[in-house]
Number of protein chains: 2
Amino acid sequence: MSKITLKKIATHFNVSISTVSKAINDSYEISEQLRTKIQDYAKANNYRPNKVALNLLNRNTKTIGIVIPNILNYFFVQVLYGIESVADIKGYSIITCITNQSLEKETKTLELLSAGSVDGIIISSAADESELPGHVPQIKKLHDNQIPMVMFDRVTDLIQCDKVIVDDYEAGYKATRFFINTGCRTIAVVTPIEDSNISKLRIDGYKKALDEMGVDFDEKLIVPIGKEDDLDITMSFLLNYRPIDAIMTLDEITAVKVMSIVQSRGYRVPEDISIIGFTNGELSKYVTPSLTMVSQHGKYIGETTVDILIDRIENKDSKKEFETKVVKTSLIVRNSTKKPL
Amino acid sequence: MSKITLKKIATHFNVSISTVSKAINDSYEISEQLRTKIQDYAKANNYRPNKVALNLLNRNTKTIGIVIPNILNYFFVQVLYGIESVADIKGYSIITCITNQSLEKETKTLELLSAGSVDGIIISSAADESELPGHVPQIKKLHDNQIPMVMFDRVTDLIQCDKVIVDDYEAGYKATRFFINTGCRTIAVVTPIEDSNISKLRIDGYKKALDEMGVDFDEKLIVPIGKEDDLDITMSFLLNYRPIDAIMTLDEITAVKVMSIVQSRGYRVPEDISIIGFTNGELSKYVTPSLTMVSQHGKYIGETTVDILIDRIENKDSKKEFETKVVKTSLIVRNSTKKPL
DNA sequence: CTGTTAGCGCGTTCAT
DNA sequence: ATGAACGCGCTAACAG
């Protein structure tokens, strides 16, 4: 006995399908007697209207697709958490797709999602800035498909849609100012996401702060690290190049690793070298010393993103202009930085 | 112009819907000329067959529902990661539901998923042992609904289905043995999940090891902590109760916190007190000293779970007995424990 | 080669 | 108070 349907119930009572449908939906058209008889039977057999059939009928799925590059990254998990909370409250399910930074998988995923299985899409693109131009048509196609979409964090100007982004420029600026205010002058930047727009913005903010304080910008202090790179070696180069006062690291795990390397080389943190990282997760609280971090408020970003998306979904006709919401960061000051002078 | 359908293409070319369907599916029945004409038009208009319609037709969705208690827990994220990887390869999407340990939400979620939107379900129940009996009927109803289901980690004997569990008994045993082998005798257990079966099993293993080595079991050394409890105070009681050699903590974050508290009270880790935690995440590697942890191999568990589920889904007729796979843990030895004598 | 019919499961007219 | 007919978008069996 597989899943029970209206049809089976109808057969069982020797009535028509629509009668059963009405009875189950408490229609006044059906006699009380028959209605309760059918309802009881339905309950007893654990009848649930087939969602897929209803989706087809209503042309919606009450489901949102989430496309993120990486789920082992605390920031994205936080965003996901925020999305799920709000989606749940508003009656939506989420289908999660992880691209592992692979453009190919992202494209495949987008194809899948654009085939009607979701009412809207939230995406943080895996595409690096460099790869993006060639990739945009893919995303665009989907978007032209009339399916509401909101991008967050890793966005691009090349696509017109609602966006929720972090104020990365200001974040880079604030962190750098903080370094300078605590007496640091030679500030390095270690970036595991060099090709991204995000990285660029943070570094622009960094430059702005340097400039304001009359500190010369030194290209060599910007240290990109690839997936395969040996962080130890890269750090050796950096530390031998110039005496470093401070290091800004553009994610959490690298911040922790950099601190560990620096310490193992005999530098004291923060006395010799201060460190600020990005993404305020669990790690940074518990390392020694605890790390000063830029919090991007991932959960809030998730909540905001899904709010906007659901609004688009439920008011498709509205000709509202696309908006780009900018979420400010907070500097969570701990013990990897010196006290302001 | 909303989404394009076969019907619209048919109207456009003034042919029948099935002709279009066949043309798009490269049927030999359609003349080459018409076929390419239709295909070109379809491609140009970015036609994608509506998945919902196909789901209804094929009575499957190629989607798996995942129900987990908490996504901010590294173990579950790892499992999720493992599930997603394999599911993707096998052509399944995943819809993720987070219960936040709420039985109510779990029930709601299960209702939702049992309405035909997924082909199978993977669940780690939010239910504590104490709440379980009342909850089982809910899960059971779903299960009786013929929808394949695999439980992992937090399972119960009350439900008959495939399961993938951690060898928690052995894990507790191994960790305790390790303590004893490094000269520890008075070993406390801090458990944030006291009501769970998992916690019981680990403690049973712990008792077994104590017994084998002729160490008396002391009930007072088992320290449950609730969500609201002040860990600081709880630890004070413990440390004042007896001189403690070692602490086994049943999750990761508590291990880190316990170590921090112990250190702040002037104890050296591991010289005065050794610590072993559960769940080998990022945290434990980078705290000082790095923590010795029990790894449950979350990713592997996820992969295994989804393998079993998909097998059930795709061979529904097979009358294979339900299996319970037990995954062994590994003790990742770092610096929060002493060297074996 | 192309079209008609039927049906996946459901809710919604509109008849009876 | 009950049922027949229709359509959501699609494929497949069958007709022409």
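**Close-ups of a predicted protein–DNA model**

**View 1. Polar contacts to DNA strand D.** A backbone N or O atom of A:Ser31 sits 3.1 Å from a phosphate oxygen of DNA strand D. Like everything else in these views, that distance comes from a predicted model. A:Glu29 goes for a base instead of the backbone: an N or O atom in the side chain of A:Glu29 is 3.0 Å from a base oxygen of DNA strand D. From the other chain, B:Tyr47 places a polar side-chain atom 2.7 Å from a phosphate oxygen of DNA strand D. The elements that supply two or more residues to this surface are α2 and α4 of chain A, plus α1 (6-13), α2 and α4 of chain B. Which one gives the most to the surface near DNA strand D? That would be α2(B), with 4 residues.

**View 2. The wider surroundings of DNA strand D.** Pull back a bit and there are 27 residues around DNA strand D. Those that come nearest are A:Thr19, A:Lys22 and A:Leu57 from chain A, with B:Leu6 and B:Tyr47 from chain B. Of the DNA strand D atoms that come within 4 Å of the protein, 65% are accounted for by sugar and phosphate. Sorted by class, the surface near DNA strand D has 13 nonpolar, 9 polar and 5 charged residues.

**View 3. Polar contacts to DNA strand C.** Here A:Leu6 uses its backbone: one of its backbone N or O atoms lies 2.7 Å from a phosphate oxygen of DNA strand C. Chain B handles two base contacts in this view. In B:Ser18, a side-chain N or O atom is 3.0 Å from a base oxygen of DNA strand C, and a polar side-chain atom of B:Lys22 lies 2.2 Å from a base oxygen of DNA strand C. Elements giving two or more residues to this surface are α1 (6-13), α2 (17-24) and α4 (51-58) of chain A, along with α2 (17-24) and α4 (51-58) of chain B.

**View 4. The wider surroundings of DNA strand C.** How many residues surround DNA strand C? The answer is 25, and the closest are A:Leu6, A:Tyr47, B:Ser18, B:Thr19 and B:Lys22. Sugar or phosphate makes up 64% of the DNA strand C atoms within 4 Å of the protein, and the rest belong to bases. The class split for the surface near DNA strand C is 11 nonpolar, 9 polar and 5 charged residues.

**View 5. How the two protein chains relate.** Two copies of a chain are related by a rotation about an axis and a shift along it. In this model, a turn of 180° with a shift of 0.0 Å along the axis lays chain A on chain B with an RMSD of 0.1 Å. The pair is thus related as by a two-fold rotation axis. Both copies use the same surface, as 98% of the contact residues of chain A recur in chain B.

**View 6. The interface of chain A and chain B.** The contact involves 48 residues of chain A and 47 residues of chain B. Together the two chains bury about 4,500 Å², with 61% of that on carbon and sulfur atoms. On the chain A side, A:Val52, A:Tyr81 and A:Tyr286 lose the most area to chain B, together 14% of what that side buries. There are 15 residue pairs in polar contact between the chains, counting pairs with both residues at pLDDT 80 or more. Elements of chain A that put two or more residues on this side are α4, α5 (74-89), β2 (93-98), α6 (103-113), α7 (132-144), α11 (252-264) and α12 (282-286). β2(A) gives the most, with 6 residues. Overall, the chain A side divides into 22 nonpolar, 14 polar and 12 charged residues.

**View 7. Salt bridges across the interface.** Side chains of opposite charge can pair when their charged atoms come close. The structure holds 42 salt bridges over all chains, and 8 are found across the interface of chain A and chain B. One joins A:Glu84 to B:Lys105, with the closest N and O atoms 3.0 Å apart. Another pairs B:Glu84 with A:Lys105 at 3.1 Å, N to O. That pair crosses between chains, from helix α5 (residues 74-89) of chain B to helix α6 of chain A.

**View 8. Backbone oddities in chain B.** Most residues other than glycine have a negative phi, and most peptide bonds are trans. B:Arg59 isn't a glycine, yet has a positive phi of about 55°; look for B:Arg59 in the loop between α4 and β1 (63-68) of chain B. The B:Val269 to B:Pro270 peptide bond is cis, with omega near 10°, and B:Pro270 belongs to the loop between α11 (252-264) and β9 (274-278). B:Thr288 and B:Pro289 are also joined by a cis peptide bond, with omega about -10°. B:Pro289 is in the loop between α12 (282-286) and β10 (292-295).

Technical notes. Residues numbered from 1 in each chain as written. Chains lettered and ligands numbered in written order. Predicted model: local features only at pLDDT ≥ 70, side-chain atom pairs only at ≥ 80, totals over all residues. Heavy atoms only, no water. Least-squares fit on C-alpha atoms with pLDDT ≥ 70 in both. Contact = heavy atoms within 4.5 Å. Near = heavy atom within 4 Å. Polar contact = N/O pair within 3.5 Å; in protein donor to acceptor, adjacent residues only side chain to side chain. Nonpolar A, V, L, I, M, F, W, Y, C, P; charged D, E, K, R; others polar. Buried area = accessible area lost by both parts, 1.4 Å probe. Salt bridge = Lys/Arg side-chain N within 4 Å of Asp/Glu carboxyl O.
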